[in-house]
Amino acid sequence: MKTKAILGCTLTVVALALSSSAFAEVKIALVAKSLGNGFFEAANVGAQEAAKELGDVTVIYTGPTTTTAEAQIEVLNGLIAQGVDAIAISANDPDALVPVLKKAMQRGIKVVSWDSGVAKEGRQIHLNPSNNALIGETNVKLAADALKALNVEKGDVAILSATPTSTNQNIWIAEMKKVLPKYPAVNLVTVAYGDDLSDKSYRETVGLLKSYPDLKVIVSPSSVGIVAAAQAVKDQGKIGKVYVTGLGLPSEMAGAVKSGASKSFAIWNPIDLGYAATYLADDLVKGTATKTEASMGKLGKVKLDADGSGAMAEPFVYDASNIDKFSKIF
């Protein structure tokens, strides 16, 4: 009887151990380019929604206070020491983060890059918010539409980007330049950098307006830059003479559309982006992702290419006809 009792207790302990390991909490770090950025705050809303759906996932939302690779590396070293199960990061630099993320993967931490990618050696999956070529062309088309609204046959256009090393910004700018021959009205004069900082983006915009007196459109593929540029155009008394467009959040751009500083702009849903990145990270941790596809939860599956990259959705254009509706959402 004693043997049976001991055996029964042993089996119970093993069962409990297996049960607790099967339902062990998965810790996923969602790493922003910088904290205090509305785009990444919205992405965190989606990440927390995914964690709630999954049930056994905790999302740690973090990031540096400055948009530099060095600051992100410090954050990543802390997460590695903490022993998270996965890191989902929007990178400030595609190459500088590779060594620290390699160290993470060597310790069994799964790595997903999203929004702004890491070189393939430093991650397992990259989630583009949309097709890069389409994002590039959308930005140029928005500029051409703005010139048309100003009744300008051909006009000077400037790009206000984030940092010079920002992966996604550089790819989109390259794609914009490729399609310029299709839009002869757009005369690209320069690319400026606001480093994803409101005050610097504002100063850069003021500088552009002074350096290029015939400037008609400023395109900012940065959600921080576009808001700052619109404010600078308003403050400089250029409404009706210069339009600001690019990629921005409806909640942050509603005032610019209503003031006339911006005619239209585009963005995908950052809430969905954070949601999808969290599901992808969880899929890697649980070993259910494959080399060709991975789960984005209710958003379906993302198809992955040979480099492990996939795209979520097409950008959507916002203007006076729909800004009030969407500004209440994100």
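**Close-up 1. Ser 201 is a buried residue in a helix.**
In this predicted model, Ser 201 has a relative accessible area of 0%, so it counts as buried. The residue is found in helix 7, which runs through residues 198–211. Which residues does Ser 201 touch, once its neighbours within four places in sequence are left aside? Its contacts are Leu 160, Gly 194, Gly 225 and Ala 228. You can also look for Ala 232: Ser 201 and Ala 232 are 31 residues apart in sequence, and their C-alpha atoms are 9.0 Å apart in space.

**Close-up 2. Asp 196 has a positive phi in a loop.**
Now look at the loop between strand 7 (186–193) and helix 7 (198–211), where Asp 196 has its place. Its phi is near 60 degrees, a positive value in a residue other than glycine. Is Asp 196 buried or exposed? With a relative accessible area of 9%, Asp 196 is buried.

**Close-up 3. Asp 115 and Val 118 share a loop.**
The loop between strand 4 (110–114) and strand 5 (125–128) holds Asp 115, and Val 118 is placed between these two strands as well. Asp 115 is not a glycine, yet it has a positive phi of about 65 degrees. Asp 115 has a relative accessible area of 5% and is buried. Val 118 is buried too, with a relative accessible area of 4%. What surrounds Val 118, leaving aside its neighbours within four places in sequence? Val 118 is in contact with Ile 89, Ala 91, Pro 94, Val 98, Leu 101, Ser 113 and Arg 123. As a distance to try for yourself, take Val 118 and Thr 288: they are 170 residues apart in sequence and 22 Å apart in space, C-alpha to C-alpha.

**Close-up 4. Leu 247 is a buried loop residue with many listed contacts.**
Leu 247 lies in the loop between strand 9 (243–246) and helix 9 (250–259). Its relative accessibility is 3%, so Leu 247 counts as buried. Residues up to four places away in sequence are not counted in its contacts, which include Ile 135, Asn 139, Trp 172 and Ile 226. Leu 247 also touches Ser 220, Pro 221, Ser 222 and Ser 223, and its list of contacts ends with Ala 266, Ile 267 and Trp 268. How many residues lie between the sequence positions of Leu 247 and Phe 265, counted as their separation? The two are 18 residues apart in sequence, and 5.8 Å apart in space, C-alpha to C-alpha.

**Close-up 5. Trp 268 belongs to the largest nonpolar core.**
Let us follow Leu 247 to one of its partners, Trp 268. Leaving aside its neighbours within four places in sequence, Trp 268 is in contact with Phe 39, Pro 129, Ser 130, Ile 135, Trp 172, Leu 247, Leu 273, Pro 315 and Phe 330. The largest nonpolar core has 61 residues, and Phe 39, Trp 114, Leu 127, Ile 218, Trp 268 and Leu 280 touch the most other members. Which helix gives the largest share of this core? Helix 10 (residues 270–285) does, with seven residues. Domain 1 and domain 2 both give residues to this core, so it lies between them. A second, separate core has 20 residues, including Val 31, Val 75, Val 84 and Ala 104. As a general point, nonpolar side chains tend to be buried together in soluble globular proteins.

**Close-up 6. Two domains meet in one chain.**
Domain 1 covers 26–123 + 270–313, and domain 2 covers 132–268 + 319–327. How far apart are the C-alpha centres of domain 1 and domain 2? They lie 28 Å apart. Where the domains meet, 14 residues of domain 1 are in contact with 14 residues of domain 2.

**Close-up 7. The whole chain gives the setting for these views.**
Stepping back, you can find eleven helices and 14 strands in the chain. The C-alpha trace spans about 95 × 40 × 35 Å along its principal axes. Of the 330 residues, 53% count as buried. Among contacts with a separation of 6 or more, 70% come from residues 24 or more positions apart. The accessible surface is about 14500 Å², and 55% of it belongs to carbon and sulfur atoms. What about charge? The chain has 33 positive and 33 negative side chains, with the centres of the two sets 2 Å apart.

Technical notes
Residues numbered from 1 in each chain as written. Predicted model: local features only at pLDDT ≥ 70, side-chain atom pairs only at ≥ 80, totals over all residues. Heavy atoms only, no water. Helix = DSSP H or I, 4+ residues; strand = E, 2+ residues; numbered from the N terminus. Buried < 20%, exposed > 50% of the residue type's maximum accessible area, 1.4 Å probe, protein only. Contact = heavy atoms within 4.5 Å. Areas by Shrake-Rupley, 256 points an atom, 1.4 Å probe, with all protein chains shown as cover. Lys, Arg positive; Asp, Glu negative; His and termini not counted. Charge placed at Lys NZ, Arg CZ, Asp CG, Glu CD. Core = buried A, V, L, I, M, F, W, Y, C linked by side-chain atoms within 4.5 Å. Domains from an automatic or database assignment.
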